[in-house]
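Visitor: I am new to this structure and would like a close look at a single part of it. Could you take me slowly through the places where the chains meet, and then through what lies behind them?

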Number of protein chains: 4
Amino acid sequence: MVRVTVWGENVHERTEDHVRERYPDGMHGAIAAGLQRLLGDGVQTRTATLDQPEHGLPQEVIDQTDVLTWWGHIAHEQVQDAIVDRVHAAVLGGMGLLVLHSGHYSKILQRVLGTSCSLRWRNEGERELVWTVNPAHPIAQGVPHPIVIPAQEMYGEHFDIPEPDELVFISSFAGGEVFRSGCCFQRGAGRIFYFSPGDQDYPVYHQPEIQRVLANAVRWATPRVRGPVPEAPNAPRDWFL
Amino acid sequence: MVRVTVWGENVHERTEDHVRERYPDGMHGAIAAGLQRLLGDGVQTRTATLDQPEHGLPQEVIDQTDVLTWWGHIAHEQVQDAIVDRVHAAVLGGMGLLVLHSGHYSKILQRVLGTSCSLRWRNEGERELVWTVNPAHPIAQGVPHPIVIPAQEMYGEHFDIPEPDELVFISSFAGGEVFRSGCCFQRGAGRIFYFSPGDQDYPVYHQPEIQRVLANAVRWATPRVRGPVPEAPNAPRDWFL
Amino acid sequence: MVRVTVWGENVHERTEDHVRERYPDGMHGAIAAGLQRLLGDGVQTRTATLDQPEHGLPQEVIDQTDVLTWWGHIAHEQVQDAIVDRVHAAVLGGMGLLVLHSGHYSKILQRVLGTSCSLRWRNEGERELVWTVNPAHPIAQGVPHPIVIPAQEMYGEHFDIPEPDELVFISSFAGGEVFRSGCCFQRGAGRIFYFSPGDQDYPVYHQPEIQRVLANAVRWATPRVRGPVPEAPNAPRDWFL
Amino acid sequence: MVRVTVWGENVHERTEDHVRERYPDGMHGAIAAGLQRLLGDGVQTRTATLDQPEHGLPQEVIDQTDVLTWWGHIAHEQVQDAIVDRVHAAVLGGMGLLVLHSGHYSKILQRVLGTSCSLRWRNEGERELVWTVNPAHPIAQGVPHPIVIPAQEMYGEHFDIPEPDELVFISSFAGGEVFRSGCCFQRGAGRIFYFSPGDQDYPVYHQPEIQRVLANAVRWATPRVRGPVPEAPNAPRDWFL
């Protein structure tokens, strides 16, 4: 039983009619529903949003979260640093983290990766093809090659991230750009997966193949260990004998 | 002064008129000329071909080669295993190796990478865009983003290689496929760069941007050390004092 | 249920009394027993040895093997190339491979890694400490930090392997040398783990912590997919629509 | 001509007699002198310290710095966040960064790596052996295998860093611990090298082999490109044609 907290900025859904019609339960609601549909009893989901106290992420929620998913876009700066610190500490201690689409510019992704996470973009509803470059990877199991997304925002290279520990997906767009769209990292004991499809202007999170990727990623990012951020202990000679 | 040996299979150039017209000095000749043009006094090139004794690669030539470039296609099986052994030993000892286009299926690349190096392909003269994903990499210096190749054979994922030590270029094709087109590896002391553009049916090696990539790669792959394949010495206690 | 074939060269056990006394069922027997003890119903083991027809590895055995473990030392050259080809193809298709101790010089490890796999060595029964450098890795779960092996052959750097995809363990020896003793690689769809403790002159495979590492590695290397070595298909335009 | 700024916290040197005697010009002075000795006209050094305005690192100094070296220990918290931001931006734009010894806990290293950088330690003047695990790496050229440091503080695993892009050195200590003592990373366009030898209680930076490592690292980290932190441009369709 993996406990997943699906975090959503939930601004576009409240302020733009067409987004609310596409995602009446919010993008976070659609993401949670997809996980439930595919993982069933293997997952327990809850959602949290920016406008809740502590953004819906008090310490006790984080402590009960195995994997946190993160979608944000226009309100990255409104996320309190204290909450980012809390999420960061949990990741180092073992919590899994899935960062989605425009979350590339979230404080938490910049914090764990140490780079600007900048990229090129164009929002003209182009076809995106998501190609698997590591078919044996757990996140690629049961995923078609390629995933065809009829219309999406274009995200293109150069994507300013550290060389991923494992690269799983590369996307191309109708306009010719490419993007490293599925990237694995480890920081401390925590596994991090960045997955780029999912703009609010398109029904990407309703697409079963995308839900499959997220369900696989949740299982992949489930903690093997969970603890505090490690400190730097003094170690007397022969302490291990 | 980097000493480069440009190896060419040299079969298409001898058996197909349109290839000979495109590359009257062979593809190897065009590659060598591009290196000379860009590196000038910094490089000394020679060429070698399959039909020569020992494929033009006797031990003394290998010993005087800092970087070997390799283009082959329809005659991979005619390359003698003893020559592959010789090249392999030189790479482990520090010699640089650039494997080009259809050389993905060469014995030497399969030998150093340990995988099948299989891929998808389609030869319909599609536009290839070569995107830089690591703009600070030495091989990407002075290279436009993207390189536009008007017509090329399509090479697509899944490309069955180990995860590269460094990924420099990703290509997209008009048909939508993507390909990890510029990949760095190290084996023993030798640096290896695989670069996929360069089918015999198109004038790719006459294109200045492609020549720039190859010149950069030659410099990148120049040996820092050169020696025999390491053996496994017995080491008496405190041998290093 | 993971199906494991434990391959043993089985020469020292037959020709040296002290090895036979230490490992009356062979080192392969001790390794298989350790896996059974720790994984119980989760594993089904069989053993195979050099002196059997096809070294105990006919195609039907390989086809029914999820993970193959490999211990060899003085008879690497007696392993038939056809069997190495068979194991190699299975690894590329997804079979897991655990290479142990002196198996560093086996044909199969050299084949998949593409390097000499040379190292320094000294057999004086020194204490080896096996330190975990990635405590969140699946192979490190439940493993003490460090594992103390009272007496072992020293294996020291430089170890001529490609940079591992993941480094899990580093050993130190009483004489001061260090060694990358637990290294993960992927080739094709198959996961490979090299683990260096385990000389025939010491009871290493009877040690519970070592058995834990091997049990973890078996689970880690269990195939996610299994198929033939990929070929290079022609892909008509829009084949994926 | 590489322009190096050697940054020193310069607290131990001012407050502890034995450190001042060992390093009358500060550790930063000794590091700068070593670089000058080995790189001669190829390098131009300056030093900067915590107690200077803006810690000696105003924007114009950073702009004229190709490689910054960083030694800090007991005053990490006194480093202003604005200066850390400035250094971070310069690294992403291409400036090289060498972080030394107790700088593992500096704000700038935590910022670029995204982890706690914690480790085990014991300061009892133990012999440290620094082993090369990638002898072909530029930073290892001319470096003995191993470097013998007669007395040093012990730094041991687990070292909480991301898996390095390249691992160059592993140390062992008389007490048996190991440590990944020479680690390469890239963040944005900048190269980062962490090197652990160098406690203030021992004359490590006077040792020629250590100076050789630092000189090599300076050359390795010299920028290939230099620019601002990349932004995220909107890219109109076919912008590249």
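Guide: What follows looks at the meeting of chain A with chain D, then at that of chain C with chain D, and then at some contacts inside single chains. Please keep in mind throughout that this is a predicted model.

Let us begin with chain A and chain D, whose contact takes 39 residues from chain A and 39 residues from chain D. Between them these two chains bury about 2,900 Å², and carbon and sulfur atoms account for 51% of that area. On the side of chain A, the residues that lose the most area to chain D are A:Arg120, A:Trp121 and A:Arg237, which together make up 19% of what that side buries.

One of these residues, A:Arg237, also has a charged partner across the interface, for its side chain meets that of D:Glu126 in a salt bridge, at 3.6 Å from N to O. Side chains of opposite charge can pair in this way when their charged atoms come close. Across the interface of chain A and chain D there are two salt bridges, and the count of residue pairs in polar contact there is 18, with both residues at pLDDT 80 or more. The elements of chain A that give two or more residues to this side are helix H5 (81-93), helix H6 (107-113), strand S5 (120-132) and strand S8 (178-187), and the largest share, five residues, comes from S5(A). Sorted by class, the side of chain A that touches chain D has 17 nonpolar, nine polar and 13 charged residues.

Turning to chain C and chain D, we find a contact that takes 24 residues from chain C and 24 residues from chain D. The area buried here is about 1,700 Å², and 62% of it comes from carbon and sulfur atoms. In chain C, the residues that lose the most area to chain D are C:Trp131, C:Glu163 and C:Val178, together 27% of what that side buries. Across this interface there are zero salt bridges, although twelve residue pairs, both at pLDDT 80 or more, are in polar contact. Strand S5 (120-132), strand S7 (166-173) and strand S8 (178-187) of chain C each supply at least two residues of the side that touches chain D, and by class that side has eight nonpolar, eight polar and eight charged residues.

Salt bridges also occur inside a chain, and the structure holds 36 of them over all chains. Within chain C, C:Arg86 pairs with C:Glu54, their closest N and O atoms being 2.7 Å apart. Because C:Arg86 lies in helix H5 (residues 81-93) and C:Glu54 in the loop between strand S2 (43-49) and helix H4 (59-63), the pair ties together parts that are 32 residues apart in sequence.

Lastly, within chain D, the axes of helix H3 (residues 26-39) and helix H7 (residues 208-221) come within 9 Å and cross at roughly 75 degrees, so H3(D) and H7(D) are roughly perpendicular to each other. Among the residues that make this contact are D:Ile31, D:Leu35 and D:Leu38 of H3(D), with D:Leu214, D:Ala215 and D:Val218 of H7(D). By class, the contact of H3(D) with H7(D) has eight nonpolar, two polar and three charged residues.

How values were computed. Residues are numbered from 1 along each chain as its sequence is written. Chains are lettered from A and ligands numbered from 1 in the order in which they are written. This is a predicted model: local features need pLDDT of at least 70, side-chain atom pairs count only at pLDDT 80 or more; totals for chains, interfaces and linings use all residues. Side-chain values use heavy atoms; hydrogens and water are left out. Contact means heavy atoms within 4.5 Å. Buried area is the accessible area (1.4 Å probe) that two parts lose on being put together, summed over both. A salt bridge is a side-chain nitrogen of Lys or Arg within 4 Å of a carboxyl oxygen of Asp or Glu. A polar contact is a pair of N or O atoms within 3.5 Å; within protein, one must be able to donate a hydrogen and the other to accept it, and residues adjacent in sequence count only if both atoms are side-chain atoms. Helices (H or I, at least four residues) and strands (E, at least two) are DSSP runs, numbered from the N terminus. Ala, Val, Leu, Ile, Met, Phe, Trp, Tyr, Cys and Pro count as nonpolar, Asp, Glu, Lys and Arg as charged, and the others, Gly among them, as polar. Axes are lines fitted to C-alpha atoms, for helices over the stretch in contact, and angles run from 0 to 180 degrees between N-to-C directions. Angles under 35 degrees count as roughly parallel, over 145 as roughly antiparallel, 65 to 115 as roughly perpendicular and the rest as oblique.
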